Amino acid sequence: MSPSHQRTFIVHVEDRPGVLNRVISLFRRRAYNIDSLTVARTERPSISRITLVVVVDEREARLLEANLYKLINVLYVEDVTHQGPLVRELALIKVNATEETRAQLLRVCDMFRARAIDVTPSALVVELTGTPDELDGLIEVLRPSGIIELVRTGAVAMARGARSPLAGVLDTALPEQAA
């Protein structure tokens with residue numbers, strides 16, 4: 001059995017009520033913990049894109065992909081794990097910031113290419129977009145100052161290159177898009 005590691009799946013689905021529930025139920029029924037989940041519309045109005053990060057081995061990844069294709073409204077599934085995908089997350093971090101510590105915190109944020117989006121007399125809210133490791137790094141550096149609140153999006157991923165993986169696939173899948 002191959003070792004389990006994080007795998008990133010991109011699932012293109014029809015943008016309809018209940019589709020996300022069916023996709024997530026597939027993972028729930030098989031007792032997989034989803035590390036990250038992001039869903040949003042795409043450049044095509046009737047299609048949504050689900051980015052899922054889950055820890056599975058090679059065999060389980062193939063089974064998940066095959067089972068995703070069995071779901072109604074799933075148009076295209078791509079496991080981009082081994083393609084060197086572009087993966088980004090967004091974090092908003094509210095940290096304690098006194099008059100004495102604010103300048104130092106802002107310098108740290110500059111090092112991570114984070115930006116302050118709200119400054120109050122006792123706190124600073126920082127925004128960072130980057131790889132999960134970059135976000136983890138900034139969080140660890142800010143932790144001693146006292147993180148008041150932290151929120152992260154799930155990972156969004158995209159394969160590298162100019163070609164869309166959907167080229168030709170979805171043109172025939174959704175005839176109403178031709179109009």
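These numbered points describe a predicted model, taking its first sheet, the helices on that sheet, the cores and then strand β5.

1. The sheet. Four strands make up an open sheet whose order is β2-β3-β1-β4, with antiparallel pairing. Its edges are β2 and β4, each of which pairs on one side only. On average, neighbouring strands of this sheet are turned by 15 degrees against each other, direction ignored. In general, strands of a sheet pair through backbone hydrogen bonds, either parallel or antiparallel.

2. Pairing of β1 with β3. Strand β1 covers residues 5-14, and strand β3 covers residues 47-56. The two run antiparallel and are joined by 10 bridges. One point of register is Q6, whose bridge partner in β3 is V55.

3. Pairing of β1 with β4. Five bridges link β1 and β4, again in the antiparallel sense. Here H12 has Y76 of β4 as its bridge partner. Strand β4 spans residues 74-79, and six of its six residues are buried, so this strand is largely enclosed by the rest of the structure. β4 is also an edge strand of the sheet, so a reader should keep the two statements apart: the burial concerns accessible area, while the edge position concerns pairing.

4. H12. This residue lies in strand β1. It counts as buried because its relative accessibility is 2%, where the cut-off for buried is under 20%. The side chain of H12 makes a polar contact of 3.4 Å with the side chain of R49.

5. V13. The next point concerns V13, also in strand β1. With a relative accessible area of 3%, V13 is buried. Leaving out residues up to four places away in sequence, V13 touches V19, V23, S46, I47, S48, I50, N73, V74 and L75. V19 and V23 are among the buried residues of helix α1. The C-alpha atoms of V13 and R41 are 9.6 Å apart in space, with their positions 28 residues apart in sequence.

6. T51. Buried or exposed, where does T51 in β3 stand? T51 counts as buried, at 2% relative accessibility. Beyond four places in sequence, the residues that T51 touches are T8, F9, S36, L37, T38, A155, V156 and A157. Of these, V156 and A157 fall within strand β9, which runs over residues 156-158.

7. Helix α1. This helix covers residues 19-29, and its buried residues are V19, V23, S25, L26 and F27. Those buried residues pack against β1, β2 (34-41), β3, α2 (58-70) and β4. In general, an α-helix has 3.6 residues a turn, so residues three or four places apart point the same way. After α1 comes A31, which has a positive phi, near 60 degrees.

8. Helices on the sheet. In the sheet of β1 and β3, which are joined by 10 bridges, α1 packs on the strands, touching β1, β2, β3 and β4, and its direction makes about 10 degrees with that of β3. α2 packs on the sheet as well, touching β1, β3 and β4, with a direction at about 165 degrees to that of β4.

9. The cores. The largest nonpolar core has 18 residues, and those touching the most other members are F9, V11, V23, F27, L64 and L68. The elements giving two or more residues to this core are β1, α1, β3, α2 and β4. A second, separate core has 15 residues, including A91, I93, A97 and C109. As for L64, its contacts beyond four places in sequence are F9, L26, F27, R30, Y32, V54 and V56.

10. Strand β5. Residues 86-96 form β5, with a covered face of V87, E89, A91, I93 and V95 and an uncovered face of L86, R88, L90, L92, K94 and N96. In general, side chains in a regular strand alternate between the two faces of the sheet. A91 and I93 of the covered face are also members of the second core.

11. Partners of β5. Which strand is joined to β5 by eight bridges? The strand is β7 (residues 123-130), running antiparallel to β5, with G130 as the bridge partner of E89. Strand β8 (residues 147-152) pairs with β5 over five bridges, antiparallel, and there V95 has I147 as its bridge partner. β9 pairs with β5 in the antiparallel sense over three bridges, where V87 stands opposite A157.

Terms used. Residues numbered from 1 in each chain as written. Predicted model: local features only at pLDDT ≥ 70, side-chain atom pairs only at ≥ 80, totals over all residues. Heavy atoms only, no water. Buried < 20%, exposed > 50% of the residue type's maximum accessible area, 1.4 Å probe, protein only. Contact = heavy atoms within 4.5 Å. Pairing = 2+ DSSP bridges. Polar contact = N/O pair within 3.5 Å; in protein donor to acceptor, adjacent residues only side chain to side chain. Core = buried A, V, L, I, M, F, W, Y, C linked by side-chain atoms within 4.5 Å. Axes fitted to C-alpha atoms, helices over the stretch in contact; angles between N-to-C directions.
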